[in-house]
Amino acid sequence: MYALFYLIAMTLAVNQGSVALVTLPEEPGVKSMELRWGDRRVPFVQIQNKWETVVGVDLDTKAGDHEAEIDVTFNDGRTDKRPVVFRVVSVKFPTTELTVDDQYVELSPANQQRAAREAKELEKIYANVTAEILWSKPFNSPIPGQTKGSNFGHRRVFNGQPRAPHAGSDLKASTGTPIHATNRGRVVLAKNLFFTGNTVVLDHGLGIYTIYAHLSRIDVKIGQTLDGGQLIGLAGATGRVTGPHLHWSARIQGARVDPFSLLSME
């Protein structure tokens, strides 16, 4: 089950590793709204007669109630604070053991430096919250017809050594399978990375990023704005893999969420 969420008297329930669409009715005189949860600041966007934003709940977020706040600013300069509670629902993620080439487990000093440098580059990208909606509903699978993937949240053990949980979903794809943009977005990364091979990252706005990894070919460039369904590249087996497939993942304000939960936003 993906993206379990609902709004009851400013309480939203959402699964670990999922996304919540937060919608509030329009109010007279309101200039802007911003949701604050911990160190996150997520703007609302006015759409016709409502205010809307999206919040990601990381797969490792502790189950239970988490307090947040919505800051409301009025045209006359007044401000108001609205409490909101995210009720995080526990999800049990399994463990997977894999055997890969030793170079991807016992990293050389040069590869350690490269992997660390690339991780910082990605985290800097994910920390940026573009204060506008670039997407249009709905989100779709990057491989038409595949409505679910595998391995999201799995605790992986590489050659007997535990690693961080798998932050993406693996989709079946042979080398050369066309990979499409899940929605309208701007290309903010398109290059080869140590772990994920040929990788493309799209910014969809409001801190929503989708990632397409292990590609055999990249057909886009940084700065391009893609329409939903537009070709990104071809599936492959570059980076740390056991065979050709698409690693598709999503970061929402830095939170690791199942990308298929985006398909449930309405």
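## A walk through the predicted model

F74 is found in strand β8. Helices here are DSSP runs of H or I with at least four residues, strands are E runs of at least two, and both are numbered from the N terminus. Before going on, some ground rules: this is a predicted model, where local features need pLDDT of at least 70 and side-chain atom pairs count only at pLDDT 80 or more, while totals for chains, interfaces and linings use all residues. Residues are numbered from 1 along each chain as its sequence is written, and side-chain values use heavy atoms, with hydrogens and water left out.

### Around F74 and D76

F74 is buried, at a relative accessible area of 7%. Buried is under 20% relative accessible area, exposed is over 50%, and partly exposed is in between (1.4 Å probe, protein chains only). Contact is heavy atoms within 4.5 Å. Setting aside neighbours within four places in sequence, F74 is in contact with P28, G29, V30, K31, T79, D80 and R82. A63 sits eleven residues from F74 in sequence, yet the two C-alpha atoms are 34 Å apart.

D76 belongs to the loop between β8 and β9. D76 is exposed, with a relative accessible area of 54%. From D76 to R41 there are 35 residues in sequence and 22 Å in space, C-alpha to C-alpha.

### Cores

A nonpolar core is a set of buried Ala, Val, Leu, Ile, Met, Phe, Trp, Tyr and Cys residues joined through side-chain atoms within 4.5 Å. The largest one has 20 residues, and M33, L35, W37, F44, I70 and F86 touch the most other members. Elements giving two or more residues to this core are β2 (11-15), β3, β4 (30-37), β7, β8 (64-74) and β9 (79-89). A second, separate core holds 17 residues, A173, A181, L215 and I232 among them. In soluble globular proteins, nonpolar side chains tend to be buried together.

Back to L35: not counting residues up to four places away in sequence, L35 touches R40, R41, V42, F44, V55, E69, I70 and F86.

### Two open sheets

Strands pair here if DSSP finds at least two bridges between them. One open sheet of three strands runs in the order β3-β7-β6, with antiparallel pairing. Its edge strands are β3 (18-25) and β6 (45-47), each pairing on one side only. Neighbouring strands of this sheet are turned by 35 degrees against each other on average, direction ignored. Axes are lines fitted to C-alpha atoms (for helices, over the stretch in contact), and angles run from 0 to 180 degrees between N-to-C directions.

Eight bridges link β3 to strand β7 (residues 50-57) in the antiparallel sense. V22 stands opposite T53 in β7, and K50 in β7 is the bridge partner of P25. β3 is mostly covered, with six of its eight residues buried.

Another open sheet of three strands has the order β10-β11-β12 and mixed pairing. β10 (95-98) and β12 (161-165) are at the edges with a single partner strand each, so one side of each has no neighbour in the sheet. From one strand to the next, the twist averages 25 degrees. Strand β11 (residues 155-158) and β12 run antiparallel, joined by three bridges. F158 stands opposite Q161 in β12.

### Helix α1

The 18 residues of α1 (residues 109-126) should span 26 Å at 1.5 Å a residue, and the end C-alpha atoms are 26 Å apart, which agrees. The expected span is 1.5 Å times one less than the number of residues.

In α1, N111, A115, E118, L122, I125 and Y126 are buried. They cover an arc of only 90 degrees around the axis, which puts them on the same side of α1; the arc is that of the directions from the helix axis to the C-beta atoms. On the other side of α1, P109, A110, Q113, R117, K120 and K124 are exposed. Cover for the buried residues of α1 includes β15 (185-193), β16 (197-205), β17 (208-218) and β20 (245-252).

### Backbone oddities

Most residues other than glycine have a negative phi, and most peptide bonds are trans. Here are two non-glycine residues with positive phi:

| Residue and phi | Place | Relative accessible area |
|---|---|---|
| H214, about 70 degrees | strand β17 | H214, 5%, buried |
| Q253, about 50 degrees | loop between β20 and β21 (255-257) | Q253, 10%, buried |

The peptide bond from K137 to P138 is cis, with omega near -5 degrees. P138 lies in the loop between α1 and β11.
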